[in-house]
Amino acid sequence: MVSEEGTRHVQNSPRIAVEVGSPVVAFYNEIKTDIEHAAVEDDPFRWANARKTTILIIVSAGSMIAGLAVSIQNPANAQIQSDLRASTSEISWTLSVFILVQGVPGLLWSAISEIKGRKFVYVSSVAIFVAASAIVAVSKTISLVIGMRALQAAGSSALMSIAAATLADIYEPHERGTKMGIYYSAPLLGPALGPVLGGVLTQGLGWRSVFWFITICAGVVLIALVFLFKDTFRKERSLTYQNVLQIRAKEGELQHQHLDKSSHAFSASDKPVQPALEHIASPPQTGDLNVEANGPTVAPASCMKDVKVSLADVNPFPPLLKILTRLNNLAILFASGLIFAFSYSVSYTCSRTLSEYYGYNALQIGLVLLSYGIGSICGCLLGGRWSDQTFARLKQENGGQSYAEMRLASTRPAMWFLPPAIIGYAWVCEKQIHVAAICIILSLSGFLSTWIYASTLAYIVDANPGRSSTVVATNSAFRCVFAFVATEVAIPIQVAIGDGYLYTLWGGIMIIMEILTLAVLYKGKKWREACEEKDR
């Protein structure tokens with residue numbers, strides 16, 4: 001089925017001849033359209049809500065397990081160190097390497113998803129995750145644990161890096177804030193539940209049971225991906241694929257067979273070609289066929305059936321460079337990275353504070369940190385819904401016209417309260433006030449930080465149509481690098497200056513994050529349009 005919205009763009013569109021070399025001249029429908037609404041068969045935007053919800057549940061469950069794998073090991077660290085005769089630094093590396101590696105392979109998974117589709121990437125990556133988790137569970141040396149934790153992270157990174165792109169494949173922009181909020185609550189729930197589940201399993205069954213539990217959960221997700229997940233990727237809606245297609249056309253790699261099927265194949269020497277060339281000024285100078293630079297020009301599905309794309313064609317670095325050279329993207333990526341770094345820092349240092357100054361065991365620490373996870377989940381769900389409502393209201397006030405930066409207006413209410421909440425947490429911990437106060441402020445900090453993050457995640461997708469998988473993978477890489485740095489420096493700074501000054505400093509860093517977000521809200525449209533104009 002071809003979408004009706006895409007069909008409206010196809011009607012009455014002129015024919016364009018594209019010179020592709022001496023033997024062949026190919027013809028395309030030039031469809032000036034929003035690439036996200038290009039005409040496709042079996043349009044994911046028009047799938048039944050039940051199918052969309054199934055996909056949302058599967059990718060959210062997978063992301064929750066990927067998040068769970070980060071922190072579920074923490075209560076078992078003492079047992080692992082004793083059993084495998086490991087040093088403290090080696091145990092630290094089992095966590096740090098997971099956080100760092102989880103963000104980097106997402107760029108490669110993103111590129112592969114542009115060739116093989118989302119399902120192939122999910123099934124392959126989760127299979128790696130399952131295998132690595134099982135090997136960790138039977139490991140006899142700490143070196144093998146560290147290596148397999150890195151492989152675990154590489155397998156889980158696809159779930160973290162392209163899941164949001166999958167949701168962009170099936171949900172319209174006005175729905176994305178709510179759905180992104182639901183999705184992002186899952187990887188937050190994982191780290192929140194991790195210490196509790198890890199404590200129970202370690203005390204009852206030993207440290208190896210932690211990784212068998214992860215293996216079983218990931219195995220269930222793998223089965224769901226194989227049998228219940230339907231691929232959401234459509235070539236017509238990918239700028240990467242469109243560029244590859246048109247480059248192939250220019251190089252003469254579209255074959256006569258396709259052109260004969262389309263009834264538009266002529267020999268380059270045939271005279272009937274000349275009238276068709278009236279639609280373009282100089283066919284040999286078609287030159288730059290970059291889709292984005294042309295408005296974009298979207299080739300119909302029939303043009304793609306004979307085009308085979310390899311990993312060499314889908315180099316992730318040019319689109320990555322395009323993303324990073326846009327100031328609006330760079331500002332939001334830094335803002336998102338700072339939010340994620342704060343989340344990891346507070347989880348990491350709070351465990352030490354509760355252990356040393358409150359005398360809590362692993363299970364008690366997990367229950368306290370659960371308050372941060374609950375606040376974060378509520379912030380994602382409510383913040384995402386508020387984001388959609390704000391977007392719809394501003395669109396209506398603007399005469400039915402919308403642009404991506406409108407969504408960021410929903411972050412302003414939380415900005416007033418986030419830095420004071422973090423500074424409040426700093427001195428509650430420093431003065432060792434009753435743990436109830438820590439739970440309340442942790443919950444409030446999680447709520448406010450993820451209220452903002454839900455909108456920034458939806459924005460980065462909306463602002464980069466046709467590049468959703470690459471931009472989400474880039475966002476994931478930023479998050480994980482920032483989180484890695486935060487976990488490496490958090491404890492030394494905490495030991496040196498205490499919780500009070502450490503989280504007063506974090507309050508200031510969150511003000512910087514808010515300034516970056518507000519800069520994109522008020523200036524981002526101008527920056528983005530200037531870059532788009534420059535690309536033309």
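So, Gln 432: this residue is partly exposed, at 42% relative accessible area, where partly exposed is the band between buried, under 20%, and exposed, over 50%, using a 1.4 Å probe and protein chains only. You'll find Gln 432 in the loop between helix H18 (418-430) and H19. What caught my eye is the backbone: phi of Gln 432 is near 55°, a positive value in a residue other than glycine.

Before I go on, some bookkeeping. This is a predicted model, so local features need pLDDT of at least 70 and side-chain atom pairs count only at pLDDT 80 or more, while totals for chains, interfaces and linings use all residues. Residues are numbered from 1 along each chain as its sequence is written, and side-chain values use heavy atoms, with hydrogens and water left out.

Okay, back to phi. Arg 85 also has a positive phi, about 55°, although it is not a glycine. Arg 85 sits in the loop between helix H3 (77-84) and helix H4 (88-103), and counts as exposed at 77% relative accessibility.

Now the overall layout. We have 20 helices and 3 strands; those are DSSP runs, H or I of at least four residues for helices and E of at least two for strands, numbered from the N terminus. Of the 536 residues, 58% count as buried. If you take contacts, meaning heavy atoms within 4.5 Å, between residues at least 6 apart in sequence, 84% of them join residues at least 24 apart.

On to the core. By nonpolar core I mean a set of buried Ala, Val, Leu, Ile, Met, Phe, Trp, Tyr and Cys residues joined through side-chain atoms within 4.5 Å. The largest one has 120 residues, and the members touching the most others are Tyr 425, Ile 438, Tyr 503 and Trp 506. Which helix gives the most to this core? That's H20, residues 468-535, with 14 residues.

Take Tyr 503 as an example. Skipping residues up to four places away in sequence, Tyr 503 touches Phe 342, Ser 345, Val 346, Thr 349, Ile 422, Ile 423, Tyr 425 and Ala 426.

Staying on H20, have a look at Thr 474, which is in that helix. Thr 474 is buried, at 2% relative accessibility. Leaving out neighbours within four places, its contacts are Leu 107, Leu 320, Ile 323, Leu 324 and Leu 333. Thr 474 and Ile 162 are 312 residues apart along the chain, with 9.8 Å between their C-alpha atoms.

Val 489 is in H20 too, but this one is partly exposed, with a relative accessible area of 37%. Val 489 and Ser 345 lie 144 residues apart in sequence, and C-alpha to C-alpha they are 8.8 Å apart.

One more threonine, over in H16: Thr 390. Thr 390 is buried as well, at 2%, and beyond its neighbours within four places it contacts Met 406, Ala 409 and Ser 410.

Next, cysteines. How many disulfides does the structure hold? The count is 0, with a disulfide being a pair of cysteine sulfur atoms within 2.5 Å. For Cys 439, the closest cysteine sulfur is in Cys 350, 8.2 Å away, so that's too far for a bond. Cys 439 is partly exposed at 24%, whereas Cys 350 is buried at 0%. Cys 350 is in helix H15, and outside its neighbours within four places it's in contact with Leu 369, Tyr 425 and Leu 442. The C-alpha atoms of Cys 350 and Leu 369 are separated by 7.9 Å, with those positions 19 residues apart along the chain counted as the separation.

Last topic: holes. There are 3 cavities of 30 Å³ or more. A cavity here is a set of points, on a 1 Å grid over the protein atoms alone, where a 1.4 Å probe fits but cannot get out, and lining residues have an atom within 4 Å of a point. Points are joined across faces, edges and corners, and the volume is the space filled by probe spheres set on them.

The second largest cavity comes to about 50 Å³. Its lining is Tyr 184, Leu 188, Ile 339, Phe 340, Ser 343, Tyr 372, Ser 376, Ser 449 and Thr 450. The elements giving two or more residues are H9 (173-205), H15 (327-357), H16 (362-397) and H19 (435-462), and H15 has the largest share, 3 residues.

What classes make up that lining? There are 5 nonpolar, 4 polar and no charged residues. Here Ala, Val, Leu, Ile, Met, Phe, Trp, Tyr, Cys and Pro count as nonpolar, Asp, Glu, Lys and Arg as charged, and the others, Gly among them, as polar.

How values were computed
On a 1 Å grid over the protein atoms alone, a cavity is a set of points where a 1.4 Å probe fits but cannot get out, and a pocket is an open set with protein on both sides within 12 Å along at least five of seven lines; lining residues have an atom within 4 Å of a point.
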